[in-house]
Amino acid sequence: MTIIITAFERSPDGGKGLARDTRVRWALEEVGQPYEVRLVSFSAMKEPAHLALHPFGQIPTYEEGGLALFETGAIVLHIAQRHAGLLPDDANARARAITWMFAALNTVEPPILELVTARILEGDRPWTRERLPLVEGRIRERLEQLSAHLGAAQWLGGAFSAGDLMMVSVLLRLKSSGMLNDFPNLAAYLSRGEERPAYKRAFAAQLAVNAGTTQSEA
Ligand SMILES: N[C@@H](CCC(=O)N[C@@H](CS)C(=O)NCC(=O)O)C(=O)O
């Protein structure tokens, strides 16, 4: 069955790979599943046809036969459960890898997104100068904890898993902030993710759509 995902017709990041279709493309590349992409404009995302797929009018979505999914956590988990390559066979190790997916999305990503909001969407507000150090402090705390847990390991649970795919995807948004410079093991972790052939293919595919269209971060 053909897999179809949606992505920005013009990503606000101009192809830096921060739009969330990249993590879905990456998962599909890791498990060797071909896919098609339907590009949508910002206005089309808010129209009934797209809202029928994604109630919040966002990308990415995932269609496969009669199945339509939204939310990258659910999409990547679905891909990882359907195809070998992203989750360990051992039941406990599998549960731990899924735990890292949730940790990436629920514990690490929120303060990082808050930074994007504070810097870009609300950067001109009078409270921004006071707010930024608070938000950065919250991110730093998470980075310290994650760095301590990762230590000298290559990946969070032994072998690369969907948990790492999600954590690397979330941390990528911090690359331009310089915050990872204080955490060499996390910076190296990020680079290991980016060096994976599947990530490179995913990145190149989204770049091919978006090169040279930068407006802001996705
Ligand atoms: N929690 C959602 C977030 C989806 C999301 O924020 N998508 C962004 C692109 S990366 C989007 O569509 N933004 C446009 C909008 O919200 O109007 C997920 O992980 O799929």
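1. Pro-60 sits in the loop that runs between helix H2 (48–51) and strand S3 (61–64), and the peptide bond leading into this residue from Ile-59 is cis, with omega near 0°. Most peptide bonds are trans, and most residues other than glycine have a negative phi. Since the model is a predicted one, a reader may wish to keep that in mind for this point and for those that follow.

2. A second backbone feature concerns Glu-71, whose phi is near 75°, a positive value in a residue other than glycine. Glu-71 belongs to the loop between strand S4 (67–70) and helix H3 (72–82), and with a relative accessibility of 42% Glu-71 counts as partly exposed.

3. Which residues surround the ligand? They are Phe-8, Ala-19, Arg-20, Phe-42, Met-45, Lys-46, Gln-58, Ile-59, Glu-71 and Thr-72, a shell that by class comprises five nonpolar, two polar and three charged residues. Ile-59, from the cis peptide bond to Pro-60, and Glu-71, with its positive phi, are thus both among the residues around the ligand.

4. Three side chains of that shell can be described in terms of distances to ligand atoms. An N or O atom in the side chain of Lys-46 is 2.6 Å from an oxygen atom of the ligand, and for the side chain of Gln-58 the corresponding distance to a ligand oxygen is 2.9 Å. Glu-71 places a polar side-chain atom 2.8 Å from a nitrogen atom of the ligand. The ligand taken alone exposes 510 Å², of which the protein buries 80%.

5. Arg-20, another residue around the ligand, also forms a salt bridge with Glu-109, in which the closest N and O atoms are 3.9 Å apart. Because Arg-20 lies in the loop between S1 and helix H1 (21–30) while Glu-109 lies in helix H4 (residues 91–121), the pair ties together parts that are 89 residues apart in sequence. Arg-20 is partly exposed, at 25% relative accessibility, whereas Glu-109 is buried, with a relative accessible area of 7%.

6. The structure holds 14 salt bridges, and one of them joins Asp-182 to Arg-140, with the closest N and O atoms 3.1 Å apart. Asp-182 is found in the loop between helix H6 (162–171) and helix H7 (184–195) and Arg-140 in helix H5 (residues 128–150), so this pair ties together parts that are 42 residues apart in sequence. Arg-140 counts as partly exposed, with 29% relative accessibility. Salt bridges with shared partners also link Arg-20, Arg-23 and Glu-109 into one network.

7. A further salt bridge brings together the side chains of Asp-124 and Arg-125, at 3.7 Å from N to O. Asp-124 is exposed, with a relative accessible area of 66%, while Arg-125, at 38% relative accessibility, counts as partly exposed.

8. Is Thr-6 buried or exposed? Thr-6, which has its place in strand S1 (residues 3–8), is buried, with a relative accessible area of 0%. The side chains of Thr-6 and Thr-61 are joined by a polar contact of 2.6 Å.

9. On the surface, Val-37, Leu-39 and Val-209 make a nonpolar patch of about 190 Å². Val-37 lies in strand S2 (residues 36–40), and its relative accessible area of 33% makes Val-37 partly exposed.

Methods: Residues numbered from 1 in each chain as written. Predicted model: local features only at pLDDT ≥ 70, side-chain atom pairs only at ≥ 80, totals over all residues. Heavy atoms only, no water. Patch = residues over 30% accessible without salt bridge, like charges linked within 9 Å, V, L, I, M, F, W, Y side chains within 5 Å. Areas by Shrake-Rupley, 256 points an atom, 1.4 Å probe, with all protein chains shown as cover. Salt bridge = Lys/Arg side-chain N within 4 Å of Asp/Glu carboxyl O. Helix = DSSP H or I, 4+ residues; strand = E, 2+ residues; numbered from the N terminus. Buried < 20%, exposed > 50% of the residue type's maximum accessible area, 1.4 Å probe, protein only. Near = heavy atom within 4 Å. Polar contact = N/O pair within 3.5 Å; in protein donor to acceptor, adjacent residues only side chain to side chain. Nonpolar A, V, L, I, M, F, W, Y, C, P; charged D, E, K, R; others polar.
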